[in-house]
Number of protein chains: 2
Amino acid sequence: MINFETHPDRYNHWKLSYDGAVATLALDVAEDKGLAPGYKLKLNSYDLGVDIELHDALNRIRFEHPEVKTVVLTSGKSRMFCSGANIYMLGTSSHATKVAFCKFTNETRNGIEDSSESSGLKFLAAVNGTCAGGGYELALACDEILMVDDRSSTVSLPEVPLLGVLPGTGGLTRLVDKRKVRRDLADLFCTTAEGVRADRAKEWRLVDHIAKPQAFAEEMKQRAEKLALISDRPGGQGVALTPLGENRLVKVDVDKEKRIATITINGPRDLKMEKSADWYPLRLARELDRAILDLRHNHLDVGLWVFKTAGDPEAMLRLDGVLKASAKDWFVRETLGYLRRTLSRLDVSSRSIFAIIEPGSCFAGTLMEIALAADRSYMLDAAGSRVALSHFNFGAYPMANGLSRLATRFCGEAPEIARGELFDAKRALELGLVTATPDDIDWEDEIRLAIEERASLSPDALTAMEASLRFAGPETLQTRVFGRLTAWQNWVFNRPNAVGEQGALKVYGSGAKPKFNWERV
Amino acid sequence: MINFETHPDRYNHWKLSYDGAVATLALDVAEDKGLAPGYKLKLNSYDLGVDIELHDALNRIRFEHPEVKTVVLTSGKSRMFCSGANIYMLGTSSHATKVAFCKFTNETRNGIEDSSESSGLKFLAAVNGTCAGGGYELALACDEILMVDDRSSTVSLPEVPLLGVLPGTGGLTRLVDKRKVRRDLADLFCTTAEGVRADRAKEWRLVDHIAKPQAFAEEMKQRAEKLALISDRPGGQGVALTPLGENRLVKVDVDKEKRIATITINGPRDLKMEKSADWYPLRLARELDRAILDLRHNHLDVGLWVFKTAGDPEAMLRLDGVLKASAKDWFVRETLGYLRRTLSRLDVSSRSIFAIIEPGSCFAGTLMEIALAADRSYMLDAAGSRVALSHFNFGAYPMANGLSRLATRFCGEAPEIARGELFDAKRALELGLVTATPDDIDWEDEIRLAIEERASLSPDALTAMEASLRFAGPETLQTRVFGRLTAWQNWVFNRPNAVGEQGALKVYGSGAKPKFNWERV
């Protein structure tokens, strides 16, 4: 069982330090502390364990340190920034594990960009040594990259020539779409295993700034301070992310035999604003985040997630009112960010998602996002079965495509729908908010059949279908990373040329040359 | 060796007829005339041979029948419109063959939309019987879908539930992005093997019009005539697409051992406008189209295409001037369309593309598009080595992403570049038009090394990398089909759950149930 909770006191791989408006995250990987046995994390390479710490550290900075305006990502080792994902870990992982690992890494990096865009936290990659593969992809997620010009350190994306796989954690996409590197130079760069040194890296737009070793520390300080100037984080007292302990809001029942998880979310009770980790929206985000990650990584064959809610929809609407009224407060802004990123995690989860709406449900406002994220929603046509929208369904939690779930649902042609009104099943169906509304007589059979049928279909076909249907409308860097790049990487990860006995990923480091089937597909 | 040339006299599967402004293409598949042995094309299902005829027929209509304004796609069989790609053909094809087949099918369908958008040819799918899988995907490519309401015919995308693969020839993408079907209804539709009948199909936006059997023919006629009203095709004398015979403009040398093809294109000599299939731009499009298809389908392991040109760049620029002056002429418009679609075919070819520019080359204007489509371009820094741009490099041949190759190259930040001016290597490099400009001393070694190195890399990693780097910038329905949907389908096509001994695609029709590995990836 992989555990996604940690605390800076227990970090093995990152050193987190604070100095006024600047937090520094220095990667100093403990070689022997890999998450699984069988590999050593040499050369500041990472595995899921390293990324779990990064995810935790970013949340600590977001909530516990509102005074931080710039985060510097750098290395605690000399001459080696980060050599990327550990190859031996990849080579020994199953296909599903590799893909789940890459997805989590992707999400954490997208979260860096999300915080930069939406909550004023700026990121500087201070590349103080060689920076390869996933290491460079991490740097690409930052607002700016400063690289040491020491005549030996290089940046590189050596995956294609060395490993026969892609720089798949955003690398290819961010090169051309974010940094606007010319495609032929990107092609050269991505096929040159040894990478490029600082001067050429700057010329090709691979990094923003370069500095000689003796000037590096000072330049890093100045760049971090300059980035801090464009941050609007207010400072003040942080909110400690105390240990979650047992779930209170999110109940997860896993039926291993049927390969179904039922996730029941309790609605809010106490509506007042409270600056604590126990405040409903923040606790909801944290518990839901943990539940999704746990299901994703520890229950690979549970292919259908059935979401239910229990509570008062009007209470949820009132809480959304409180959230809206204080949306400018940094803590509320960070909480909404956590919810936004968690709902986004749901969208890109490779599991079928059904929402079940019954009397006693509270799919309203923020919680209605779960039903809108679902592939299908079933609503019992009976008294007390109600759904409702609030301000927060109209853009506060954008999907990866930049649109609200409502706008995506209606392919940009959303009807006029009242906010704050409770809709019964008939009205919800008319408005297109739910998929089907069986009555008491049909309900149990219809739900049972739908669930059984879903659980019987090819998991691969469903994953690919859902990834295609969930993101209609415009594309963004994020959808391109999750849709296009990830799909190609999944394909490559499944090909004998990469993972067969003589595939490039398998033989890496053994001295043997890979053997390829030369057919182009 | 698959031959992509045919003629209506030799069609096995389509009946092409003309009636004033309306051409009718009736699918009446000859079961026993499959392109390869081992399967029967039952239930109006198709294989590559059926699609080769469709590709030919569309070009005949475009060039030989300028009086046609609407093309009706229908079935020549009773109660069965088309049941999609033949499953047994797919089940017995290699991974590379399946993917190459799907790509060609995709391109032909995109060509339908291209002609509707750019040259006034409108398309009506007259669905006069059951319409499943690829059959419905063909209908989706048309401007309008009319479906018979006979209480038994259905439209369906049964790939996921029946075969464990995707509706991958544009199906998923066109549902939500083109027809704006709500994603939960799309989800229901794509997991319901039996499909939906006419009334629900209309309600869910899967078709535009429905008609009872007795009213179907009249409704089809009226819809076709109505579509013709919005066409601006002028009528007049067509231009016969006479048999190409031997290549005159495009020379292809395949080095099987090194797995490299060298494609040398001769520039234009005669510059005058001539309404014939031998006119340079049209012949160029046809020969290049044939060469690309031949290399793609008959030389799977030739992973690197090296493009050269021979001729006078100024002549090419002058010919572009002639093209521009007569761009409104229907024949020139169709010729530019053929070039546009052929260049687009190059972009989505899963082969590495290098352009080699030397003294005597004529990479100018229209032919410069080849160099701009290349992953890299090498230009010898010597007298007589020149490139040039014309009007046609600035948007006349958009890529699938809707941008010119020049705009895509510079990620939307294209510098000001003069049209009609010949640039030497130094200037071309400064302008960012070429990747590298070795001089005489380095030239041979550098080119040889670059080619050898490219040909040594993992073909899968290159395919996936190129697909990611070639299409920076905005996404369109086309890029989503080729990038996202195709990538997912490639992955599914490679998974044991589809193609393993007990995979859904393999066991289809055998009576056996597929066996799945339930892990979600």
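Me: In this predicted model, what covers the buried residues of α6(B)?
Reply: Helix α6 spans residues 171-178 of chain B, and seven of its eight residues are buried, so the rest of the structure largely encloses it. The buried ones are Gly171(B), Leu172(B), Thr173(B), Arg174(B), Leu175(B), Val176(B) and Asp177(B). The cover comes from both chains: it includes α17 (459-469) of chain A, and from chain B α3 (95-118), α4 (134-140), α7 (183-190) and α18.

Me: And just after α6(B), which residue takes a positive phi?
Reply: Look just past the end of that helix, α6 (residues 171-178) of chain B. The phi there is about 55 degrees, and the residue is Lys180(B).

Me: Since α18 of chain B came up, how are the rings of Trp488(B) and Trp491(B) arranged?
Reply: Both tryptophans sit in helix α18 (residues 477-493) of chain B, three residues apart, or about one turn of the helix. Their ring centres are 5.7 Å apart, and the planes make an angle of 80 degrees. Planes over 60 degrees apart count as edge-to-face, so this aromatic pair is edge-to-face.

Me: Is Trp491(B) buried or exposed?
Reply: Its partner Trp488(B) has 5% relative accessibility and counts as buried. For Trp491(B) the relative accessible area is 0%. Anything under 20% counts as buried, so Trp491(B) is buried.

Me: How many aromatic pairs are there over all chains?
Reply: Trp488(B) with Trp491(B) is one of them. There is also an aromatic cluster in chain A, formed by Phe63(A), Trp279(A), Trp330(A), Phe331(A) and Tyr338(A). Over all chains, the count of aromatic pairs comes to 24.

Me: Some rings have a charge over them. How far is Arg419(B) from the ring centre of Phe394(B)?
Reply: In chain A, the charged end of Lys98(A) sits over the ring of Phe493(A), 5.5 Å from its centre. In chain B, Arg419(B) lies over the face of Phe394(B), and the distance to the ring centre is 4.0 Å.

Me: Which residues have the most contacts inside the largest nonpolar core?
Reply: Nonpolar side chains tend to be buried together in soluble globular proteins. The largest core here has 194 residues. Apart from it lies another core of 63 residues, among them Val239(B), Leu319(B), Ala371(B) and Leu389(B). Inside the largest one, those with the most contacts are Tyr136(A) and Tyr136(B).

Me: In chain B, which strands stand at the edges of the open sheet?
Reply: Six strands make up this sheet, with mixed pairing, in the order β1-β2-β4-β7-β9-β12. From one strand to the next, the twist averages 20 degrees. An edge strand has a single partner, so one side of it is left without a neighbour in the sheet, and that goes for β1 (14-19) and β12 (209-211).

Me: What is the bridge partner of Leu73(B) in β7(B)?
Reply: Strands β4 (residues 70-75) and β7 (residues 122-127) of chain B run parallel and are joined by four bridges. Helix α1 (residues 48-64) of chain B lies across both of them, as well as β1 and β2 (22-27). Leu73(B) is bridged to Ala125(B).

Me: Over in chain A, which residue of β12(A) is the bridge partner of Val148(A)?
Reply: Strand β9 (residues 144-148) of chain A has four of its five residues buried, so the rest of the structure largely encloses it. It pairs with β7 (residues 122-127) in the parallel sense over four bridges, and there Ala126(A) stands opposite Leu146(A). Three bridges join β9(A) to β12 (residues 209-211), also a parallel run. In β12(A), the partner of Val148(A) is Ala211(A).

Me: How far apart in space are Gly503(A) and Phe516(A), C-alpha to C-alpha?
Reply: Gly503(A) is in the loop between α19 (496-499) and α20 (504-507) of chain A, and its relative accessible area of 0% makes it buried. Beyond four places in sequence, it contacts Pro496(A), Asn497(A), Ala498(A) and Pro514(A). Phe516(A) is 13 residues away in sequence, and the C-alpha separation is 7.0 Å.

Me: What is the relative accessibility of Thr169(A)?
Reply: Thr169(A) lies in the loop between α5 (159-163) and α6 (171-178) of chain A. Its contacts beyond four places in sequence include Cys102(A), Arg109(A) and Glu137(A). It counts as buried, with a relative accessibility of 7%.

Methods:
Residues numbered from 1 in each chain as written. Chains lettered and ligands numbered in written order. Predicted model: local features only at pLDDT ≥ 70, side-chain atom pairs only at ≥ 80, totals over all residues. Heavy atoms only, no water. Phe/Tyr/Trp six-rings, centres within 6.5 Å; stacked < 30°, edge-to-face > 60°. Helix = DSSP H or I, 4+ residues; strand = E, 2+ residues; numbered from the N terminus. Buried < 20%, exposed > 50% of the residue type's maximum accessible area, 1.4 Å probe, protein only. Lys NZ or Arg CZ within 6 Å of the ring centre and 35° of its normal. Core = buried A, V, L, I, M, F, W, Y, C linked by side-chain atoms within 4.5 Å. Pairing = 2+ DSSP bridges. Axes fitted to C-alpha atoms, helices over the stretch in contact; angles between N-to-C directions. Contact = heavy atoms within 4.5 Å.
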